[in-house]
Amino acid sequence: MSFKMNLATTFAAAALALACAAPAQAEPAEAKGAGPFGAFAGNFHGGGSVIGSDGHRERISCRARAGVGEGGRAMSQTITCASDSYKFSITSNVRADGGAVSGSWSEATRGVTGAISGRVSDGTFSGRVDGGTFVASVALRATGRGLSLSLAPSGGDVARVEVSMSR
């Protein structure tokens with residue numbers, strides 16, 4: 001698998017962590033702070049690094065848009081990222097049942113799909129994404145106006161992805 005394919009798949013996995021089951025209707029803006037995914041709702045932009053297994057770093061710019069529904073227990077999100085070498089768009093839908101999270105994601109330009117599972121609490125998600133041959137651990141943290149993401153795939157050309165975004 002090439003570095004480019006791993007990166008796209010990696011971010012697809014990351015997008016899942018931010019997303020929950022697509023709500024039929026988004027909650028009003030006042031309800032965004034409610035529920036386990038309330039802190040992830042809204043528009044974010046920023047950047048970070050893709051760190052290759054050989055230590056090579058490449059800067060990447062990202063923007064995310066997330067809608068929260070069902071009292072903050074469901075979220076649908078799109079993340080678009082680009083660098084000199086890449087451009088990809090990931091859509092994810094996930095649902096929280098208590099603190100347990102499950103859902104799906106897809107990366108449109110490469111036709112990659114998969115599942116996500118994990119736990120969400122107090123603006124923090126930790127879990128795993130699985131796209132068949134691609135597996136990664138994901139950690140997300142929403143604090144006030146910021147959102148940070150750390151992703152560590154198993155094997156392949158990408159060792160880690162780190163992104164910080166703000167509203």
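Here are some questions and answers on how features of this predicted model get their labels.

Q: What makes Arg95 and Glu70 a salt bridge?
A: The N to O distance between their side chains is 2.1 Å, and the cut-off is within 4 Å, so the pair qualifies. The structure holds three salt bridges, and this is one of them.

Q: Why can you say that Arg95 and Glu70 tie together parts of the chain that are apart in sequence?
A: Look at where they sit: Arg95 belongs to strand E4 (residues 87–97), while Glu70 is in the loop between strand E2 (57–69) and strand E3 (74–82), so the pair links parts 25 residues apart in sequence.

Q: Are Arg95 and Glu70 buried or exposed, or something in between?
A: In between. Partly exposed covers the range between under 20% (buried) and over 50% (exposed). Arg95 comes in at 35% and Glu70 at 30%, so both get the middle label.

Q: How do you know that Arg128 and Asp130 make a salt bridge?
A: Their side chains meet at 3.3 Å, N to O. That is within 4 Å, so the label holds. Arg128 is partly exposed at 43% relative accessibility, and Asp130 is partly exposed too, at 28%.

Q: What makes Arg160 and Glu162 a salt bridge?
A: An N to O distance of 2.5 Å between the side chains, set against the cut-off of 4 Å. As for accessibility, Arg160 has 30% and Glu162 has 32%, so each counts as partly exposed.

Q: Which residue in E10 is the bridge partner of Ser49?
A: That's Glu162. Strand E1 (residues 42–52) and strand E10 (residues 158–166) are antiparallel partners over eight bridges.

Q: Why do E1 and E10 count as paired, and what about E9 and E10?
A: Pairing needs at least two bridges. E1 and E10 have eight, and strand E9 (residues 146–153) shares six with E10, again in the antiparallel sense, so both pairs pass. In the E9 pairing, Leu147 has Met165 of E10 as its bridge partner.

Q: What lies between E9 and E10 in their hairpin?
A: Four residues, and Gly155 in the turn has a positive phi of about 75 degrees.

Q: Why is the pair of Phe37 and Phe40 called tilted?
A: Start with the distance: the ring centres are 5.9 Å apart, and rings pair if their centres lie within 6.5 Å. Then the angle: the planes are at 50 degrees, and stacked needs under 30 while edge-to-face needs over 60, so tilted is what remains. A search of the whole structure turns up one aromatic pair.

Q: How do you know whether Phe37 and Phe40 are buried or exposed?
A: Phe37 has a relative accessible area of 0%, and Phe40 has 0% as well. Buried means under 20%, so both are buried.

Q: Why is Thr80 called buried, and which residues is Thr80 in contact with?
A: Thr80, found in strand E3, has 13% relative accessibility, and the limit for buried is under 20%, so the label fits. Leaving aside neighbours within four places in sequence, Thr80 is in contact with Ser61, Cys62, Arg63, Lys87, Phe88 and Ser89.

Q: Where is Gly55, and what makes Gly55 partly exposed?
A: Gly55 is in the loop between E1 and E2. Its relative accessible area is 47%, and exposed needs over 50%, so Gly55 stays partly exposed. Gly55 and Val158 are 103 residues apart in sequence, with their C-alpha atoms 9.0 Å apart in space.

Conventions
Residues are numbered from 1 along each chain as its sequence is written. This is a predicted model: local features need pLDDT of at least 70, side-chain atom pairs count only at pLDDT 80 or more; totals for chains, interfaces and linings use all residues. Side-chain values use heavy atoms; hydrogens and water are left out. Helices (H or I, at least four residues) and strands (E, at least two) are DSSP runs, numbered from the N terminus. Buried means under 20% relative accessible area, exposed over 50%, partly exposed in between (1.4 Å probe, protein chains only). Contact means heavy atoms within 4.5 Å. Rings of Phe, Tyr and Trp (its six-membered ring) pair if their centres lie within 6.5 Å; planes under 30 degrees apart count as stacked, over 60 as edge-to-face and the rest as tilted.
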